[in-house]
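Work through the exercises below with the structure open beside you, and try each task before reading its solution.

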Amino acid sequence: PGPFEAETPVFSGAHDWRQVHFEVPASLVPIRFRFRFGSDGAVAGEGWYIDDVTLVPAEPGLAQGPDGRTLPRSLRLHPAAPNLLGGRGRGSRLRLDLPSPTPVSLSVVDPSGRRVRHLLSGALPAGCHIVAWDGCDDRGRALGSGAYFCILETPRQRQCQRLLIVR
């Protein structure tokens, strides 16, 4: 008998170091990962060892960089989450993937192409970045209901995503 329920997979000191992979279904993302330790009291050894833990998303748009970090394969502006903005205080998150360090500009424009909010400007490192937008213009005023567009620009590419505000 030990501290864990029957059939719980347990890795004990009786085994040498081993690499273990755990598949996480996409339906569980985002996830929290934890280690749970217990002992049946049979051994009074020096303790536990965990080494080189890496969480790698099984997403086809990601690759492993030279330093072992997970990096996007290509530039991408993801759809806003949530895309439908409601009342004041309810914002949206804009995710952008950069395969290499680059200068970026991220703005929100109205259907006529007039910039209503400048969200980001400057060089960013490679990786996945999240930018929040609160549904307001550059002066902090809540924008009216309607369609808007988020524009991501780099020196070589431009991408656009539609945003909706319903008040």
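The exercises that follow deal with cysteines, an arginine and a valine.

The model is predicted, so local features need pLDDT of at least 70 and side-chain atom pairs count only at pLDDT 80 or more, while totals for chains, interfaces and linings use all residues. Residues are numbered from 1 along each chain as its sequence is written, and side-chain values use heavy atoms, with hydrogens and water left out.

**Exercise 1.** Find how many disulfides the model contains.

*Solution.* Begin with the rule, by which a disulfide is a pair of cysteine sulfur atoms within 2.5 Å. Next take Cys-160, whose sulfur lies 7.6 Å from the closest cysteine sulfur, that of Cys-150, which is too far for a bond. The count by this rule is zero disulfides.

**Exercise 2.** Determine which side chain and which backbone oxygen the side chain of Arg-117 reaches.

*Solution.* First locate Arg-117 in strand E7, residues 115-124 (strands are DSSP runs of at least two residues, numbered from the N terminus). Its side chain makes a polar contact of 2.8 Å with the side chain of Asp-134, and the side chain of Arg-117 also reaches the backbone oxygen of Cys-136 at 3.0 Å. A polar contact here is a pair of N or O atoms within 3.5 Å, where within protein one must be able to donate a hydrogen and the other to accept it, and residues adjacent in sequence count only if both atoms are side-chain atoms.

**Exercise 3.** Decide whether Val-108 is buried or exposed.

*Solution.* Buried means under 20% relative accessible area, exposed over 50%, and partly exposed in between (1.4 Å probe, protein chains only). Val-108, found in strand E6, has 0% relative accessibility and therefore counts as buried.

Terms used:
Helices (H or I, at least four residues) and strands (E, at least two) are DSSP runs, numbered from the N terminus.
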